[in-house]
Amino acid sequence: GLDCDNGSEFINAHLQRYCQLHHIEFTRARPYCKEDNAHIEQKNWTHVRRLVGWERYDTIQAVTALNSLYAEELSVMMNLFQPSAKLKKKVLVGSRLRRYYDPPQTPLARLLAHRGSQRFEKLLKLKTSLNPFQLSHTITRKIAHILALANSRVWPRIPGNASFAHSRSTKNTQNRPPYHFPTSTFWFHFK
């Protein structure tokens, strides 16, 4: 099934037709209730906004660059090298809620713990063949290229301040330093 929010990028005839054609159950969240999709909202921040910001990417070159980043290097980095802590349980102690987490693991490690089979050998070989620091450098370079392709919105003019609109529209892309993927947050395990 597919569950999404009420944005027009999801609620449209094209997606409805696609879901009907492929027999996918299509549901939507309640309006104005972000907590319904808390995990998705978190991933929107960590995997989208933190990397490429809030700019508009509406050219073929920008879409191609974004698809390349997410399909290749970023998915490999997030699934093979980026550990995350999974919430184990919540305990109410007095008036405080105490959270207990499993030890941080990569999605690959969690997957291997639940199902050990030969098809995962390919992923393990891929992980050992990659250098995470080189991968991080490639991601940083691709993000800088994507930021250069951003289509900044033209801000409305304010009477009496003609330069304000130009400074707002160019501020986000021209003066922004290239994004550096935070390798310091990765936990690498070497043998």
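Reader: What is the relative accessible area of tyrosine 18?
Author: The model is predicted: local features need pLDDT of at least 70, side-chain atom pairs count only at pLDDT 80 or more, and totals for chains, interfaces and linings use all residues. Residues are numbered from 1 along each chain as its sequence is written, and side-chain values use heavy atoms, with hydrogens and water left out. Buried means under 20% relative accessible area, exposed means over 50%, and partly exposed lies in between (1.4 Å probe, protein chains only). Tyrosine 18 falls in the partly exposed class, its relative accessible area being 44%.

Reader: Which residues make a nonpolar surface patch with Tyr18?
Author: Patch residues have over 30% relative accessible area and no salt bridge; like charges are joined within 9 Å, and nonpolar side chains (Val, Leu, Ile, Met, Phe, Trp, Tyr) within 5 Å. Areas come from the Shrake-Rupley method with a 1.4 Å probe, and for residues only the protein chains shown count as cover. The patch covers about 240 Å², and Tyr18 shares it with Leu2 and Ile24.

Reader: In what order do the helices and strands of the protein chain run?
Author: Helices (H or I, at least four residues) and strands (E, at least two) are DSSP runs, numbered from the N terminus. The protein chain has seven helices and four strands; tyrosine 18, for one, lies in helix α1, residues 13-21. Read from the N terminus, the order is β-α-β-α-α-β-β-α-α-α-α.

Reader: What share of the contacts with a separation of 6 or more comes from residues 24 or more positions apart?
Author: A contact means heavy atoms within 4.5 Å. Among contacts in the protein chain with a separation of 6 or more, residues 24 or more positions apart supply 58%.

Reader: How much of the exposed area do carbon and sulfur atoms supply?
Author: Of the 191 residues in the protein chain, 26% are buried. The protein chain exposes about 14,400 Å², and the share from carbon and sulfur atoms is 56%.

Reader: Which residue forms a salt bridge with aspartate 58?
Author: A salt bridge needs a side-chain nitrogen of Lys or Arg within 4 Å of a carboxyl oxygen of Asp or Glu. The whole structure has three of these. Aspartate 58 is partly exposed at 40% relative accessible area, and arginine 56 is partly exposed at 42%. With the closest N and O atoms 3.1 Å apart, the partner of aspartate 58 is arginine 56.

Reader: Which residues are joined into one network by salt bridges that share partners?
Author: Glutamate 72 and lysine 142 meet in a salt bridge at 3.2 Å, N to O; glutamate 72 lies in helix α3 (residues 60-81) and lysine 142 in helix α6 (residues 132-148), so this pair ties together parts 70 residues apart in sequence. Lysine 142 also forms a salt bridge with glutamate 73, with 2.7 Å between the closest N and O atoms, and this pair links positions 69 residues apart. Lysine 142 and glutamate 73 are both buried, whereas glutamate 72 is partly exposed at 41%. Through shared partners, the network holds Glu72, Glu73 and Lys142.

Reader: Over the ring of which residue does the charged end of arginine 49 sit?
Author: A charge sits over a ring if NZ of Lys or CZ of Arg is within 6 Å of the ring centre and within 35 degrees of the ring normal. Lysine 89 does so with tyrosine 100, at 5.4 Å from the ring centre. For arginine 49, at 4.3 Å from the ring centre, the ring belongs to tryptophan 54.

Reader: Near what value is phi of histidine 23?
Author: Most residues other than glycine have a negative phi. Histidine 23 lies in the loop between α1 and β2 (26-28) and is exposed, with a relative accessible area of 76%. Its phi is positive, near 55°.
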